[in-house]
Amino acid sequence: MNIPFLGSRRRKTGMPDPEGIAELLAECELLRTQADRVGVRLDDSPASLEALDQLVPRWRDDEETSTWLGNDAGLYLGTVIVRTVPGAAWEIRADGQPVLRLTSGREFDVVDAGHAWAADGVPELSQLYAEVAEA
């Protein structure tokens with residue numbers, strides 16, 4: 001997911017505003033709407049990832065919806081990680097792709113993971129969270 005306008009959100013020091021980026025990436029409007037329709041509350045917790053994994057994947061019949069939902073699922077996974085794993089933070093690569101970076105320096109492309117989840121349900125979002133939280 002290329003978000004070129006994120007590079008222009010800067011503080012006075014010329015550095016990206018991490019809180020602003022995290023807030024923007026946490027919106028995930030389509031995913032939140034889909035989840036709300038079936039009674040799943042997305043509260044940015046690991047338990048909400050487990051609830052998402054249990055959704056019936058009705059969106060897979062619509063390629064456009066599946067693509068957008070994949071983006072949102074990856075960004076939501078990243079949001080949960082940033083809010084619950086100490087030291088995890090968003091980073092925007094030179095190509096505009098948002099990725100997560102852990103204090104260990106390890107990088108995770110959660111958007112790609114979200115696309116895989118939306119398309120196939122594998123790997124599960126909760127499983128990916130567990131792997132990242134363990135790292």
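Two strands pair if DSSP finds at least two bridges between them. Keep that idea in mind, and let us walk through the structure above, which is a predicted model.

A good place to begin is the pair formed by β1 and β2. These two strands form a hairpin with five residues between them. In the turn sits G96, whose phi is positive, at about 90°. β1 and β2 run in the antiparallel sense and are joined over four bridges. If you would like to find one of these partnerships on the screen, look for E91, whose bridge partner in β2 is V99. As general background, strands of a sheet pair through backbone hydrogen bonds, either parallel or antiparallel.

Now add the next strand. β2 also pairs with β3, again in the antiparallel sense, over two bridges. Here R101 stands opposite E107 in β3. Put together, the strands make an open sheet of three, in the order β1-β2-β3, with antiparallel pairing. Which strands lie at the edges? They are β1 and β3 (residues 107-108), since each of them pairs on one side only.

With the sheet in view, step back to the whole chain. It has six helices and three strands. Following the sequence from start to end, you meet them in the pattern α-α-α-α-β-β-β-α-α. Of the 135 residues in the chain, 42% are buried. Contacts also reach across the sequence: among those between residues at least 6 apart, 56% join residues at least 24 apart.

Let us look at the helices, starting with α1, which covers residues 18-25. Its buried residues are G20, I21, A22 and L25. What do they pack against? The buried residues of α1 pack against helix α4 (63-84) and the strands β1 (89-92) and β2 (98-101). This brings us back to the hairpin strands we began with.

Helix α4 has a further partner in α2. In general, two packed helices are described by the angle between their axes and the distance between the axes. For α2 and α4, the angle is about 95° and the axes are 7 Å apart. Angles from 65 to 115 degrees count as roughly perpendicular, and α2 and α4 are therefore roughly perpendicular to each other. On the α2 side the contact is made by E29, L30, L31, R32 and Q34, and on the α4 side by T65, W68, L69, D72, A73 and Y76. Sorted by class, this contact has six nonpolar, two polar and three charged residues.

Another helix pair is α3 with α6. Their axes come within 7 Å and cross at roughly 145°. The residues in contact are P46, L49, E50, L52 and D53 of α3, together with L125, S126 and Y129 of α6. Five of the contact residues are nonpolar, one is polar and two are charged.

While you are at α3, find S48, which belongs to this helix. Is S48 buried or exposed? Buried means under 20% relative accessible area, so S48, at 3%, counts as buried. Leaving aside residues up to four places away in sequence, S48 touches R41, L42, D43, Y76 and V80.

The loops hold some details worth a visit too. C28 lies in the loop between α1 and α2 (29-37). Its phi is positive, about 45°, although C28 is not a glycine. C28 is also buried, with a relative accessible area of 4%. Further along, D44 sits in the loop between α2 and α3 (46-53). D44 has a positive phi as well, near 65°, and is a residue other than glycine. With a relative accessible area of 15%, D44 is buried. Then comes P123, in the loop between α5 (110-120) and α6 (125-134). The peptide bond leading from V122 to P123 is cis, with omega near -5°.

Finally, how confident is the predictor? The chain averages a pLDDT of 87, and 88% of the residues score at least 70. Among the elements of the chain, α3 has the highest mean pLDDT, 96, and α1 the lowest, 83. Over residues 8-13 the pLDDT is below 50, and this stretch has ten contacts in the model beyond near neighbours in sequence. Where pLDDT is low, the predicted coordinates should not be read in detail.

Conventions
Residues numbered from 1 in each chain as written. Predicted model: local features only at pLDDT ≥ 70, side-chain atom pairs only at ≥ 80, totals over all residues. Heavy atoms only, no water. Buried < 20%, exposed > 50% of the residue type's maximum accessible area, 1.4 Å probe, protein only. Contact = heavy atoms within 4.5 Å. Axes fitted to C-alpha atoms, helices over the stretch in contact; angles between N-to-C directions. Parallel < 35°, antiparallel > 145°, perpendicular 65-115°, else oblique. Nonpolar A, V, L, I, M, F, W, Y, C, P; charged D, E, K, R; others polar. pLDDT = per-residue confidence, 0-100.
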